[in-house]
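Here is a friendly note to read with the model open beside you. Take the points in order, and find each residue on screen before moving on.

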Amino acid sequence: MPKELRKRGKKRKKSQQEEDFPNQGQEHEEPSGGPSWIISARQTENVNPEVPFGYIDPDIKAYFRTVDDQMRAWQDEEHTPDENIDLDPNEAKRLFFVAALNEMSGKERQLATDPECSVVLERVLYSMDDFVRRVFIDSLCGSFEVLIKHRFASHVCQTFFSVAVDTVSRETRGIVAEVPEPGDRGELRTLTQLILDICDEIAPTFPSLIMDPFASHVLRSLLLLLFPIALPGELTPQKFVRSKKSTAWKAKQGTMKSVFSNEKGKGNETPNVSVPNRFRDVAVRFMRDLREQLSANEVRALAANKVASPVLQLLLEIEAEIGEEASPDSLMDRVLVGMITSSKMAADTPPEPSDFLVTLLRDPTSSHLLETLVSRCPDYVFTQLWSAYFQGKLQRLALHPVANFVVSKSIERLDSNQLKDALKELSLSWDKAIQSSRTGVLRSLVDRAKVLGCREKDVCEAVFTGFGLSDLGVRTKLVPCALVLKNLKEYEELPLTEEGLREASDGKKPRRKKDAPNPREPTVQGALLLQSLLKLPEPHCLTVVDSIGSLSVQDLLVLSHNATSSRILDAMLESPTVPFQAKRRLVTSMIGHYHELVDDRIGSRVGDRFWAFADPYLREKIARSIMPQEQSLAASYYGKFFARNLNLYLLKRRPDEWKQLQSKSKATTSGEKAEQTSVSAPTPLQPPSVASLPTADKKAPSPKKSPRKRDPPADEIDVLFDTALGNKIKRAAIGQNSVAQDKKALTDPHMQDVLKAVCAAPSGEDGHPKKRRKR
């Protein structure tokens with residue numbers, strides 16, 4: 001017996017009965033389910049939920065791991081193109097991509113449920129054309145109910161619904177990809193029809209899928225595809241699609257975009273999406289089915305659930321878009337505990353506060369749903385919501401870590417009287433709001449005052465009170481105090497870091513990031529508050545402008561080199577209420593220090609903004625101040641782009657041409673290209689004598705001038721003499737003697753001026769005046 005089959009321990013000798021009848025005991029053994037000759041009619045299949053379609057072959061996994069590495073290199077633009085210029089740069093990628101698709105054929109379900117290959121499928125989806133997308137999704141039809149509930153395949157489905165928007169938009173416009181070879185596999189449906197079939201497949205289990213932790217985010221992407229919602233200030237409502245955790249995990253996978261250079265990349269997607277009307281009808285059908293199948297208590301349970309609440313929020317948006325939010329027993333009415341129905345039945349009776357809505361107000365997940373309710377509910381319902389849940393409780397809610405976001409959203413719908421009452425109620429809590437960094441409510445009040453055009457002075461006083469700047473003489477410290485969210489007393493007590501003191505004494509540029517935490521590091525909340533203040537009308541925004549103007553050049557450099565605080569300078573240049581003189585004063589104050597400004601990753605962007613704002617005269621001053629540092633900027637990693645934009649070589653050699661170039665570029669950026677082009681176009685100047693020449697009976701022929709060829713001055717003089725003297729004097733005899741022969745010509749005062757100019761001109765050997773050489 002081989003060693004690997006031997007058992008440890010003392011060998012037991014067999015009895016004589018076992019040696020004579022070795023199979024005696026096995027004949028009477030029967031399975032627990034019955035005799036061995038009975039076969040059960042119901043065959044139970046042990047399907048592993050982790051791999052419902054089977055495992056993928058290890059060799060195929062290794063191949064797709066290579067595909068992922070290669071495509072990631074192309075998407076990150078790390079792949080160097082071939083040196084052969086005659087070869088299409090996308091040809092090698094296309095061949096590689098076709099080989100991967102051929103290997104993928106027939107294994108789509110297994111690859112989608114694999115933890116490693118599912119990421120590869122997501123990356124491949126961005127490079128598929130319309131036909132390949134149709135083939136891919138057609139292979140998954142019939143299994144979507146299983147796939148969207150799978151841990152890994154759900155992300156593949158979500159990515160597909162995100163990238164399918166472009167294909168659906170093209171098919172809506174009538175651009176349908178042709179099938180290369182029909183074959184015998186049947187008709188290939190369009191992507192629009194495939195998505196409609198997928199909706200029919202998951203429609204019976206839609207209410208249960210909302211509660212599934214993996215299927216809920218897929219339903220969000222599907223609903224956004226069926227019913228695109230353009231929120232104010234957002235092109236794509238990403239807050240409905242992915243959570244912060246999912247977004248962070250997605251960022252670790254690298255850039256995901258098409259590997260082909262002639263296609264759109266990241267950030268170039270068209271915001272205008274056109275979908276067929278059938279898509280909107282399906283989304284509305286999902287919303288109505290949920291409203292019919294679930295009771296009011298079940299809908300409120302969805303609102304409090306962390307998984308289902310984002311889907312319900314999106315369904316509330318769809319309900320508000322079609323105008324059914326104000327109807328009794330709607331989804332919004334159920335979440336608001338019947339407030340819409342009660343307000344219609346008894347409009348004068350104020351509703352009693354509900355514990356359910358109070359819980360939603362302080363819940364980190366459900367508060368987002370309450371923000372949607374506050375922004376989408378009818379006006380009369382909002383008035384009751386404000387009086388029942390917010391008015392009289394603003395001091396406590398404005399400082400709550402969760403409820404302050406709902407209060408900020410509610411302030412966007414206040415009228416002038418409600419805004420006045422809110423400012424009065426919150427007048428004693430601004431210093432606590434600044435200390436706790438809860439500035440969202442204050443910023444919303446500033447924005448609402450700007451929209452309504454009233455109470456601007458009151459909101460400015462609220463800002464000054466919060467930062468301890470009640471005295472007029474210390475309000476120049478508004479920008480430094482607001483950026484660090486400290487009042488004046490705390491700001492003056494802030495210590496400088498040892499590195500900052502050393503760099504300040506040496507006169508070097510301070511760094512943006514340090515190993516130790518910087519107590520003077522700008523905050524996002526303070527920068528957003530200052531940007532809102534800059535949008536106020538002129539008398540109220542000047543406080544921030546004067547505070548920026550009081551900063552030294554070194555402080556402005558520190559402000560410009562920070563990614564957060566530099567946005568304040570952008571808002572100042574973009575704000576239509578800030579005076580033009582203040583913007584020009586800001587750009588002029590940096591002259592002599594632009595080489596320090598642009599020698600930074602963030603500062604180079606600020607320098608480009610300043611350059612785009614400057615007029616041609618100011619641009620020349622900036623360019624000439626940078627000339628001594630041209631060599632250092634050329635060696636700078638960031639400053640070389642700014643120096644290249646200045647075109648200093650042309651300014652040194654041909655300054656007039658440089659000025660014309662800057663005038664045209666400024667006209668293009670300001671939207672006055674046509675007007676500036678007509679003004680700056682040079683026209684040939686006529687001699688004064690021709691302009692003042694009296695008209696004769698027969699007008700002088702005006703020869704058409706070629707735009708590329710200038711007529712020499714001698715031809716103009718010949719035309720002048722032909723008009724005034726006719727054939728009385730020959731051109732070859734023009735001189736001092738020929739002038740004395742014709743006294744009639746001398747009587748004309750205009751002719752005397754012309755003759756004096758001719759006499760002063762040098763003459764050639766043959767008596768003709770010298771003509772200019774043609775270039």
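**Notes on a helical chain**

1. Let us begin in a loop: Arg 455 sits between H26 and H27. This is a predicted model. Arg 455 has a positive phi of about 65°, although it is not a glycine. Is Arg 455 buried, exposed or partly exposed? Its relative accessibility is 32%, so it counts as partly exposed, because that value falls between the 20% limit for buried and the 50% limit for exposed.

2. A second residue to look up is Val 337, in the loop between helix H17 (331-335) and helix H18 (339-345). Val 337 is not a glycine, yet its phi is positive, at about 60°. With a relative accessible area of 39%, Val 337 is partly exposed.

3. Now step back to the whole chain. How many helices and strands are there? The chain has 48 helices and zero strands. Of its 775 residues, 40% are buried. If you take the contacts between residues at least 6 apart in sequence, 72% of them join residues at least 24 apart.

4. Please look next at helix H24 (residues 416-425), where Gln 418, Leu 419, Ala 422, Leu 423 and Glu 425 are buried. Viewed down the axis of H24, these buried residues fall within an arc of 165°, so they line one face of the helix. Which residues are exposed on the face turned away from the buried side of H24? Asn 417 and Lys 424 are the exposed residues there.

5. What do the buried residues of H24 pack against? Their partners are helix H21 (379-390), helix H22 (394-397), helix H25 (430-435), helix H26 (440-452) and helix H27 (456-466). Two of these names should be familiar, since Arg 455 from the opening point lies in the loop between H26 and H27.

6. The next points are about pairs of helices. Two packed helices are described by the angle between their axes and the distance between the axes. Start with helix H20 (residues 366-376) and helix H23 (residues 403-411), whose axes come within 9 Å and cross at roughly 10°. That angle makes H20 roughly parallel to H23, because angles under 35 degrees count as roughly parallel. H20 passes H23 in a right-handed crossing.

7. Which residues meet where H20 and H23 touch? From H20 come Ser 367, Leu 370, Glu 371, Val 374 and Ser 375, and from H23 come Phe 405, Val 406, Lys 409 and Ser 410. Sorted by class, this contact of H20 with H23 has four nonpolar, three polar and two charged residues.

8. Helix H10 (residues 191-202) and helix H12 (residues 215-226) are another pair, packed at an angle of about 135° with their axes 12 Å apart. H10 and H12 are therefore oblique to each other. The crossing of H10 past H12 is left-handed. On the H10 side the contact is made by Ile 195, Cys 199 and Ile 202, and on the H12 side by Leu 219, Leu 222, Leu 225 and Leu 226. By class, the contact of H10 with H12 has seven nonpolar residues, with no polar and no charged ones.

9. For one more pair, turn to helix H34 (residues 566-574) and helix H35 (residues 580-589), with axes that come within 9 Å and cross at roughly 140°. This makes H34 oblique to H35. Leu 569, Met 572 and Leu 573 in H34 meet Ala 582, Lys 583 and Leu 586 in H35. The contact of H34 with H35 has five nonpolar, no polar and one charged residues.

10. Back to a single residue: Ser 127 lies in the loop between helix H6 (117-125) and helix H7 (130-140). Ser 127 has 2% relative accessibility and so counts as buried. Leaving aside residues up to four places away in sequence, Ser 127 touches Met 71, Phe 97, Lys 257, Ser 258, Val 259 and Phe 260.

11. Phe 260 also appears in the last point. Its partner here is Glu 91, which belongs to helix H4 (residues 91-104). Glu 91 is partly exposed, at a relative accessible area of 30%. How far apart are the C-alpha atoms of Glu 91 and Phe 260? They are separated by 9.3 Å, while the two residues are 169 residues apart along the chain.

Key:
Residues numbered from 1 in each chain as written. Predicted model: local features only at pLDDT ≥ 70, side-chain atom pairs only at ≥ 80, totals over all residues. Heavy atoms only, no water. Helix = DSSP H or I, 4+ residues; strand = E, 2+ residues; numbered from the N terminus. Buried < 20%, exposed > 50% of the residue type's maximum accessible area, 1.4 Å probe, protein only. Contact = heavy atoms within 4.5 Å. Axes fitted to C-alpha atoms, helices over the stretch in contact; angles between N-to-C directions. Parallel < 35°, antiparallel > 145°, perpendicular 65-115°, else oblique. Left-handed = near helix turned anticlockwise from the far one by under 90°. Nonpolar A, V, L, I, M, F, W, Y, C, P; charged D, E, K, R; others polar. Arc of directions from axis to C-beta.
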